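Visitor: I am new to this structure. Please pick a single part, look at it closely, and then tell me how it sits among the rest.

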Amino acid sequence: MSEQLEKGLATFVRLTEENPYTGTPEQIVTLCLGIDAAATRLKRSTFSLFREETGINDKVFSKLRVIGKTLKQLSDKERRDVVNGLPASYSTIHVLCSISPAELVTGIRSKNISPATTVGAARAYAKQVRFPALAAADGGKGRWGAKQEHLWSVFRPEETPLAGEASKALEEA
């Protein structure tokens with residue numbers, strides 16, 4: 001192994017030790033941004049070596065990389081705001097990264113996302129943001145997002161006309 005590769009490996013391992021994915025939101029975000037930076041700058045074989053040295057399993061590592069990829073799209077100020085409003089759970093943050101970075105910032109600024117947000121609440125919020133037509137307040141799928149009630153129906157044979165008086169009588173009934 002070359003000396004430069006060993007230094008890089010030591011730096012990357014130190015990053016993962018100083019910023020565990022089970023730590024604070026700031027540590028999680030720092031780790032995720034570092035993973036994404038390493039993934040974009042390094043050759044695939046070198047990055048694989050780094051990933052193995054961290055001791056983080058592949059599924060978790062993949063989630064952390066997705067978080068880093070999403071959060072790197074934010075400006076420094078937006079990222080600071082987001083870090084202060086995120087929960088201390090990489091799983092919850094991963095679910096929240098399924099929405100766009102702008103929607104994530106909006107959710108935190110509007111207090112829909114807070115440090116107390118759970119994975120279930122994050123899934124519900126992400127679903128509401130991505131599919132607003134399905135997010136009726138009472139669970140109904142109405143035309144304008146509210147549940148509708150069927151009032152009445154009138155059936156008649158096609159050959160029987162419905163005159164004005166008969167129509168009014170049916171509406172009153």
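Guide: Take helix α4: because a helix is expected to rise 1.5 Å a residue, its 14 residues should span 20 Å, and the 20 Å between its end C-alpha atoms agrees with that. The expected span is 1.5 Å times one less than the number of residues. Helices are DSSP runs of H or I with at least four residues, strands are runs of E with at least two, and both are numbered from the N terminus.

The model is predicted, so local features need pLDDT of at least 70 and side-chain atom pairs pLDDT 80 or more, while totals for chains, interfaces and linings use all residues. Residues are numbered from 1 along each chain as its sequence is written, and side-chain values use heavy atoms, without hydrogens or water.

Within α4, the buried residues are V60, F61, L64, I67, G68, T70 and L71. Buried means under 20% relative accessible area, exposed over 50%, and partly exposed in between, with a 1.4 Å probe and protein chains only. These α4 residues pack against α1, α2, α3, α5 (76-85), α6 (90-96) and α7 (101-109). Contact here means heavy atoms within 4.5 Å.

One of those partners, α1 (residues 3-18), passes the length check too: at 1.5 Å a residue its 16 residues should span 22 Å, and its end C-alpha atoms are 22 Å apart. In α1, L9, F12, V13 and T16 are buried. They lie on the same side of α1, because they cover an arc of only 100° around the axis; the arc is that of the directions from the helix axis to the C-beta atoms. On the other side of α1, E3, Q4 and K7 are exposed. The cover over the buried residues of α1 includes α4 (58-71), together with α2 (25-41) and α3 (44-54).

As for the whole, the protein chain has nine helices and zero strands. Of its 173 residues, 32% count as buried. Among contacts in the chain between residues at least 6 apart in sequence, 64% join residues at least 24 apart.
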